[in-house]
Amino acid sequence: MMNKQVFYQEIKKRLGGFSKKEIEDVIDYYDELINEKMDNGYSEEEAIHSFGSVEDIIINIKTDVVIKRINDKKSN
């Protein structure tokens, strides 16, 4: 099982090509989700495990960030 520190290191490592701001936004988002789950009785490890594999999470993050970039360009 993985704790938050290891989880965030893994995300940062796998999102090496993304901007620091994008990575910080992702970490903040998952930190909020993990804390919310922990408030609802999950352990830190259970909360992280509930998101699925790190590989699946990274695929979703990359998709979300690319969509956000496209939307940001459209709005400028």
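## Core, pocket and salt bridges in a predicted model

Student: Which residues does isoleucine 34 touch, not counting residues up to four places away in sequence?

Tutor: Keep in mind that this is a predicted model. Isoleucine 34 is one of the residues that touch the most other members of the largest nonpolar core. Leaving out residues up to four places away in sequence, its contacts are Lys4, Phe7, Tyr8, Ala47, Ile48 and Phe51.

Student: And which helices each supply at least two residues of the largest nonpolar core?

Tutor: That core has 18 residues, and among those touching the most other members are Phe7, Val26 and Ile61. The helices that each give at least two residues to this core are H1 (4–14), H2 (20–39), H3 (44–49) and H4 (54–75).

Student: Moving on to the largest pocket, which elements give two or more residues to its lining?

Tutor: The pocket's volume is about 220 Å³. Its lining includes Glu22, Asp25 and Tyr29, along with Asn60, Asp64 and Lys68. The elements that contribute two or more lining residues are H2 and H4.

Student: How many charged residues are in the lining of the largest pocket?

Tutor: Go through the lining by class: five residues are nonpolar and one is polar. Among the lining residues are Glu22, Asp25, Asp64 and Lys68, and Asp and Glu count as charged, as does Lys. The charged count is four.

Student: Is lysine 4, which forms a salt bridge with aspartate 31, buried or exposed?

Tutor: The closest N and O atoms of this pair are 3.3 Å apart. The bridge links distant parts of the chain, with lysine 4 in helix H1 and aspartate 31 in helix H2, 27 residues apart. Aspartate 31 is partly exposed at 25% relative accessible area. Lysine 4 comes in at 18%, and since the cut-off is under 20%, it counts as buried.

Student: What separates lysine 21 and aspartate 25 in helix H2?

Tutor: Their side chains meet in a salt bridge, 2.7 Å from N to O. Lysine 21 is exposed at 52% relative accessibility, while aspartate 25 is partly exposed at 31%. Because they sit four residues apart in helix H2, the separation is about one helical turn.

Student: Which residues do salt bridges that share partners join into one network?

Tutor: The total here is seven salt bridges. One of them pairs aspartate 72 with lysine 68, 3.1 Å from N to O, and both residues lie in helix H4, four residues apart. The network joined by shared partners is made up of Glu10, Lys13, Arg14 and Glu55.

Terms used:
Residues are numbered from 1 along each chain as its sequence is written. This is a predicted model: local features need pLDDT of at least 70, side-chain atom pairs count only at pLDDT 80 or more; totals for chains, interfaces and linings use all residues. Side-chain values use heavy atoms; hydrogens and water are left out. A nonpolar core is a set of buried Ala, Val, Leu, Ile, Met, Phe, Trp, Tyr and Cys residues joined through side-chain atoms within 4.5 Å. Buried means under 20% relative accessible area, exposed over 50%, partly exposed in between (1.4 Å probe, protein chains only). Contact means heavy atoms within 4.5 Å. On a 1 Å grid over the protein atoms alone, a cavity is a set of points where a 1.4 Å probe fits but cannot get out, and a pocket is an open set with protein on both sides within 12 Å along at least five of seven lines; lining residues have an atom within 4 Å of a point. Grid points are joined across faces, edges and corners, and a volume is the space filled by probe spheres set on the points. A salt bridge is a side-chain nitrogen of Lys or Arg within 4 Å of a carboxyl oxygen of Asp or Glu.
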